[in-house]
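Reader: I would like to learn how to read a structure like this one, feature by feature. Could you take me through it slowly?

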Amino acid sequence: MGYNRNVLRVLKNKSFIILTTSLILSFAEYLLASQNSGSAIIQISKLTQIFALTALIYLYITLLINPFYQTFTDFPLKDKVRKSKNDFIIMTFYFAFIHASFAFFGELGGFAGLGFLSQKFITAITLSFSALIILFILTVSSFNFLLPKVKLLQWKFLPKFLYIVGILVLIHALMLGSDFNNLSGNIPLILYIAISFLLLLQGPNIDKIFAKYIKMPTFGLSFLLLSITLSVVFFTVISPVFSTTNGGVSFDIHAAHRQLAQQAAKESLSSQNQSKIPGLNGDRTRRFTVSMSTDPQILQSNQDTTIHFKVYDASSGNSISSYQILYTKLMHFVIVNNDLTYFSHIHPDFQNGEFFITTQFPKDDIYHLYISFQPLGGIEQQVGFNLTVGQPQKSSDIFRNENYNTTKTFGKYKVSLNSKDALNAADMSQGLQKISFSIRDSKTGKPVTNLKPYLGAFGHLTMINEKTYEYVHVHPNSLIVPPPNASSGPTVDFLPIGIYGPFKPGIYKAFAEFNPDNNLFVADFDIKIN
């Protein structure tokens, strides 16, 4: 009987329930991410994001407990929840520590990876590490039996440091979080509303602090309510308007892209060094080399060929093992043949430090291979290779039948290429012209409105110069990643920007990929750029 009473006492213990539930949650998150994320590097990236979000939720609950019950004094479970604050602090540190471990040792590769990070990444990591140290001290102080033994834990202002943790974590998320590239997205909006609610509850305490040191009118809750209202209006009304005006350009991301494109154009004109690549999100000074090998070495058409890519840091020769996800993949691999009648967009796997994929080449020809990837801490990279398969005809014998029709039929779909004015290389380089495609049913002429997301967008556009074979990946006009079950159409807009250097006048083969009702197809057009 005594044993049973002890078991019941443990099961009713609030700390036991919180800690056990949190441990079960962490194992469930690990299993979920491990089973549904593909390769090991993607699993690590997903786990890093999941545990970061969970730690953020626990931190928010911890910060919310006291001001919530100060405001809503009659809300149920007041005493039990307030006494559980230390348990939430412990679990905040638990999830934050797991997140930090996956990020530092998994994505970054440990201390060796620090030397390859930009100043932005170093600053963000330093802030998060400081927050983790403070969380550790607060976690230790949550164990009552240690309080008499350590004087630091008796400091009465120590619990206030939890707010410093919140500020440091928020800055870290804004600097590195992929969900905060576009501040009009759902997650930034939810976070902002949550912070506004917390500040609203803290209004009386904030007013008391100001009243002690500054003689000024008390703004109180009315000021906070007004601030929250204006801010919510900005995020929900004004921000989306910016996303659909100004040529359809998202105000935060594309504005930065335009600035980079203009910088690239100036640098190219002044230094005539078109290989100098401006940054996207990372250290633009880092350089990388890529080795490619094939199995077998002598290639024949219509046979399985395994292609291997290995990426190295150009300054040290060290192989790169950590990458950021680009449009839901670690690497994008585009193959075209010499007359640009064949196009394939595939995605190599990553294992044991190298990318690899098995494919077939449909006929004897010279093939042009393009890969794009983003090493952790660097900017997006684009690298090209050539492969000879079988015995191709001489390049002088190639006849390219250029077709400048702006409306073409591809199976069940009729696709129209639209641009408001004649395309100009200088304007395109600075993001001043859009390229749009409209899709209709080829039989009925009805607009197609069931386009599904493919690789995080409603369409992808690749442009290749028909003379020089220079490769351009064109960004979708909207960089907000749609939900998997979303639908769009009949128009998809793209915004060419010369992020990697100015566009050159010439004839380009444009390959546009669309996914109506999950039936992926490729539409190709010849485009003249003046």
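Author: Let us start with helix α8, residues 186–201, whose 16 residues reach 23 Å from the first C-alpha to the last, close to the 22 Å expected at 1.5 Å a residue. The expected span is 1.5 Å times one less than the number of residues, and helices (H or I, at least four residues) and strands (E, at least two) are DSSP runs numbered from the N terminus. This is a predicted model, in which local features need pLDDT of at least 70 and side-chain atom pairs count only at pLDDT 80 or more, while totals for chains, interfaces and linings use all residues. Residues are numbered from 1 along each chain as its sequence is written, and side-chain values use heavy atoms, with hydrogens and water left out.

Reader: Which residues in α8 are buried?

Author: An α-helix has 3.6 residues a turn, so residues three or four places apart point the same way. In α8 the buried residues are Pro188, Leu189, Leu191, Ala194, Ser196, Leu198 and Leu201, where buried means under 20% relative accessible area, exposed over 50%, and partly exposed in between (1.4 Å probe, protein chains only).

Reader: Where do the side chains point along strand β10?

Author: Along β10, residues 407–410, they alternate: Lys408 and Phe410 point to one face and are buried, whereas Thr407 and Thr409 point to the other and are not. Strand β10 runs antiparallel to β11, residues 413–418, and four bridges join them; strands pair if DSSP finds at least two bridges between them. Val415 in β11 is the bridge partner of Lys408. The two strands form a hairpin with two residues between them, and Gly411 in the turn has a positive phi of about 65°.

Reader: How many salt bridges are there?

Author: Side chains of opposite charge can pair when their charged atoms come close. A salt bridge is a side-chain nitrogen of Lys or Arg within 4 Å of a carboxyl oxygen of Asp or Glu, and by this rule the count comes to six.

Reader: Which residues are linked with Lys408 in a network of salt bridges?

Author: Lys408 is linked in a network with Lys509, Asp524 and Asp526. Within this group, Lys509 forms a salt bridge with Asp526, the closest N and O atoms being 3.3 Å apart. That pair links distant parts of the chain, with Lys509 in strand β16 and Asp526 in strand β17, 17 residues apart. Both Lys509 and Asp526 are buried, whereas Asp524 is partly exposed, with a relative accessible area of 22%.
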